[in-house]
Amino acid sequence: MKLDLLTTLRQQNPVVFNIANFVTVQDVANGLNAVGASPIMSAEVAEADQMIAIAGAVCLNLGTLTTTQVNQMQIVGRLANERQLPIVFDPVAVGAVPYRLQVAQDLLATIQMTVIRGNAGEIAALAGVDWQAKGIDAGNGSGDVVAIAKACAQKYHCVIVLSGPTDVITDGTQVAKVHNGTELFQLHVGSGDLLSSIVAAFTAVQSDAPFDAAQTACLVLAGTGELVAKQFTAPRPGTFAADLIDKLHLVTVSELTEVADYED
Amino acid sequence: MKLDLLTTLRQQNPVVFNIANFVTVQDVANGLNAVGASPIMSAEVAEADQMIAIAGAVCLNLGTLTTTQVNQMQIVGRLANERQLPIVFDPVAVGAVPYRLQVAQDLLATIQMTVIRGNAGEIAALAGVDWQAKGIDAGNGSGDVVAIAKACAQKYHCVIVLSGPTDVITDGTQVAKVHNGTELFQLHVGSGDLLSSIVAAFTAVQSDAPFDAAQTACLVLAGTGELVAKQFTAPRPGTFAADLIDKLHLVTVSELTEVADYED
Amino acid sequence: MKLDLLTTLRQQNPVVFNIANFVTVQDVANGLNAVGASPIMSAEVAEADQMIAIAGAVCLNLGTLTTTQVNQMQIVGRLANERQLPIVFDPVAVGAVPYRLQVAQDLLATIQMTVIRGNAGEIAALAGVDWQAKGIDAGNGSGDVVAIAKACAQKYHCVIVLSGPTDVITDGTQVAKVHNGTELFQLHVGSGDLLSSIVAAFTAVQSDAPFDAAQTACLVLAGTGELVAKQFTAPRPGTFAADLIDKLHLVTVSELTEVADYED
């Protein structure tokens with residue numbers, strides 16, 4: 001686990017270009033900014049190449065897709081592939097909405113993603129494994145999440161982050177797990193979107209090792225959330241959202257090292 | 001007043017499909033999540049039928065309408081009517097902007113709404129009664145808000161929630177009032193949008209009695225806001241927004257019963 | 001420095017019509033509401049004339065431009081010019097993205113802006129001066145920001161607000177500076193967007209003296225942020241966002257007078 005990547009991230013302040021979920025976009029922008037990256041969002045395909053030119057990584061989020069936005073993702077994804085820029089893909093709700101699964105598969109057929117970050121229901125759907133998803137939530141499927149994540153990684157030749165109470169990170173062969181976290185992530189809408197964009201930020205500073213970048217991103221967010229939650233005497237999702245932004249800015253590598261609970 | 005519906009809501013965790021106001025969408029999603037529902041937003045008409053298939057209720061919000069979005073609302077509304085799914089309609093700013101009043105009337109001509117939730121200026125405009133609205137605010141009209149709400153309910157054969165310092169809920173015959181609340185709701189943009197989506201969440205678990213569902217929703221939000229505001233020594237709209245999300249998650253039926261101030 | 005304009009603003013509660021950056025729109029709406037204005041957002045060109053009719057000022061923000069939105073800006077800008085309504089223009093990222101610089105120049109060629117509010121990188125780009133911008137951030141150019149702001153004001157015949165650690169306000173001849181502020185503004189995404197909309201709110205109540213309006217707006221926001229930051233023992237960008245909204249509502253003219261640090 002390369003926690004020192006957090007220091008590198010803060011030194012390099014990489015630009016992360018997000019094609020975003022409009023529900024959670026402000027929180028994601030603030031979270032990226034707080035952790036040490038520089039967020040930029042764009043909805044206009046005409047500036048795609050210029051956005052790519054200044055970006056260190058791209059995050060494509062299906063959360064509030066439209067056909068116009070999916071077209072933009074196709075073009076941005078192709079440009080990012082040409083320039084070998086890391087791409088993180090967040091297939092929001094593909095486990096519950098067949099239309100979205102089709103859109104995701106179409107994108108995956110033409111774009112080489114660097115990392116796919118989803119919950120168990122979403123990753124299972126992409127891997128072609130049965131699971132009970134519910135709306136934007138993971139649902140309560142049973143199954144071996146490690147096997148599902150590995151199958152998905154092998155199918156799409158990329159790193160998978162299957163996030164949940166334990167995050168599973170795999171490139172299809174190697175597997176890492178991050179056990180940190182807090183139930184408050186589930187109570188705050190957009191925790192998954194934020195994780196995807198933070199993974200993108202770490203791939204920007206470690207583009208030759210996305211498996212390492214993804215693990216570190218998971219530990220940084222999950223560990224920071226855990227540190228925040230420890231201060232709480234009751235589950236307060238609104239206060240958690242603000243405190244998480246605070247702590248993403250303030251957290252140190254040594255604080256994270258102390259709390260870190262992972263297998264790699 | 002069926003406050004036990006809050007327990008039902010938290011047990012059933014209904015999916016509320018929102019065609020949303022992009023200004024307030026994150027707050028609405030977090031509020032729905034906190035109270036015990038599962039929010040999903042969509043901007044793409046091609047997934048309308050699949051969203052309807054997983055939803056327990058629909059909320060249509062005119063806050064940042066476009067012709068594309070209004071077309072989506074027409075299709076979603078028709079599908080929801082076919083499946084007898086409850087629909088809550090939020091006619092943002094129809095009291096101040098004639099174009100929006102026309103859009104609202106066109107939607108109401110083809111879709112049977114279950115509940116319409118608006119402020120006095122908006123409900124008066126739909127009812128065809130004079131009132132002085134101002135932008136997105138209710139304005140300072142004078143008039144009998146109960147009579148206006150009843151006229152609107154009779155005109156559109158649905159339940160009306162005319163929200164304000166006192167919320168008036170009517171199906172055109174029966175009238176309930178919720179006196180709880182706090183002036184902080186006016187200081188926080190999106191309080192009305194959140195109420196509309198919470199009304200939708202309650203109609204999802206009490207679809208055969210939308211008058212009851214709407215009353216309970218009003219009391220849950222107004223009562224929760226009042227409980228939060230009681231802790232404040234000064235009006236702090238930013239802190240209120242976060243604390244309201246916290247308390248929507250934490251509030252109990254017995255706390256609400258104790259503070260409840262209503263007529264039904 | 002006319003700090004009494006804050007009292008006027010709160011009495012008149014002007015409607016500010018925003019064509020907004022969807023990343024930061026909720027925060028901007030809440031900030032406008034808190035300071036004493038009435039925000040309204042619209043994305044539909046068909047209601048442009050009716051929005052203009054109820055507005056006291058317009059704010060055009062390029063943050064998440066699309067060709068559709070730029071077309072809406074052209075029409076809204078022309079209507080606002082016809083009615084002599086103040087327009088504030090926020091040229092987000094024109095220093096880093098050439099496409100946006102072209103869009104901004106096209107808008108400036110047909111619309112007479114009242115105020116342009118940008119960071120050093122953005123104002124330098126509009127003025128045609130070299131500067132190193134980075135994404136949405138100002139970058140670390142060197143140069144005389146007063147000279148750059150004056151050149152830009154003379155080029156576009158309007159008031160320039162070049163915001164940063166020191167805000168420079170100029171109409172091309174007169175120059176004012178506001179030294180108040182806090183580094184927390186840089187840590188919170190959307191501080192610039194909020195300033196632009198608050199400038200618009202002040203131009204609505206002082207439309208014959210936009211240079212005065214802009215100065216006051218800068219001092220109100222920077223001074224309020226400084227008052228909030230003084231309470232902090234560590235830089236907490238999430239808490240700052242909420243506390244800033246609180247304080248924009250609560251701050252008094254005498255508190256601001258006491259902390260004010262400016263040249264005019």
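This report covers the contact between chains B and C, helix H2 of chain C, and the surroundings of A:Thr170. The model is predicted.

**Interface of chains B and C**

Chain B contributes 30 residues to the contact and chain C contributes 28 residues. About 2,300 Å² is buried between chain B and chain C, with carbon and sulfur atoms giving 59% of that area. Across this interface there is 1 salt bridge by the rule applied. The partners are the side chains of B:Arg100 and C:Glu47, with N to O at 2.7 Å. The rule also finds 10 residue pairs in polar contact across the interface of chain B and chain C, with both residues at pLDDT 80 or more. On the side of chain B that touches chain C, the elements that give two or more residues are helices H2 (25-35), H5 (98-110), H8 (184-187) and H11 (237-250) of chain B. By residue class, that side of chain B comprises 14 nonpolar, 11 polar and 5 charged residues.

**Relation of the copies**

A turn of 120 degrees, with a shift of 0.0 Å along the axis, lays chain B on chain C with an RMSD of 0.0 Å. The two copies are thus related as by a three-fold rotation axis. B:Phe22 is the residue of chain B that comes closest to the rotation axis, its C-alpha lying at 4.1 Å. Only 10% of the interface residues of chain B are also interface residues in chain C, so the copies meet through different surfaces.

**Helix H2 of chain C**

Helix H2 of chain C spans residues 25-35 and is mostly covered, with 11 of its 11 residues buried. Among the buried residues of H2(C) are C:Gln26, C:Asp27, C:Asn30 and C:Asn33, as well as C:Val25, C:Val28, C:Leu32 and C:Val35. C:Gly36 follows H2(C) and has a positive phi, near 125 degrees.

**Surroundings of A:Thr170**

A:Thr170 belongs to strand E7 (residues 167-170) of chain A. A:Thr170 counts as buried because its relative accessibility is 0%. Two backbone atoms lie at the following distances from a polar atom of the A:Thr170 side chain.

| Backbone atom | Distance to a polar atom of the A:Thr170 side chain |
|---|---|
| A:Gly172 nitrogen | 2.9 Å |
| A:Gln174 oxygen | 2.7 Å |

Leaving aside neighbours within four places in sequence, A:Thr170 is in contact with A:Ala149, A:Lys150, A:Ala153, A:Cys158, A:Val159, A:Ile160, A:Val175 and A:Phe211.

Technical notes
Residues numbered from 1 in each chain as written. Chains lettered and ligands numbered in written order. Predicted model: local features only at pLDDT ≥ 70, side-chain atom pairs only at ≥ 80, totals over all residues. Heavy atoms only, no water. Contact = heavy atoms within 4.5 Å. Buried area = accessible area lost by both parts, 1.4 Å probe. Salt bridge = Lys/Arg side-chain N within 4 Å of Asp/Glu carboxyl O. Polar contact = N/O pair within 3.5 Å; in protein donor to acceptor, adjacent residues only side chain to side chain. Helix = DSSP H or I, 4+ residues; strand = E, 2+ residues; numbered from the N terminus. Nonpolar A, V, L, I, M, F, W, Y, C, P; charged D, E, K, R; others polar. Least-squares fit on C-alpha atoms with pLDDT ≥ 70 in both. Buried < 20%, exposed > 50% of the residue type's maximum accessible area, 1.4 Å probe, protein only.
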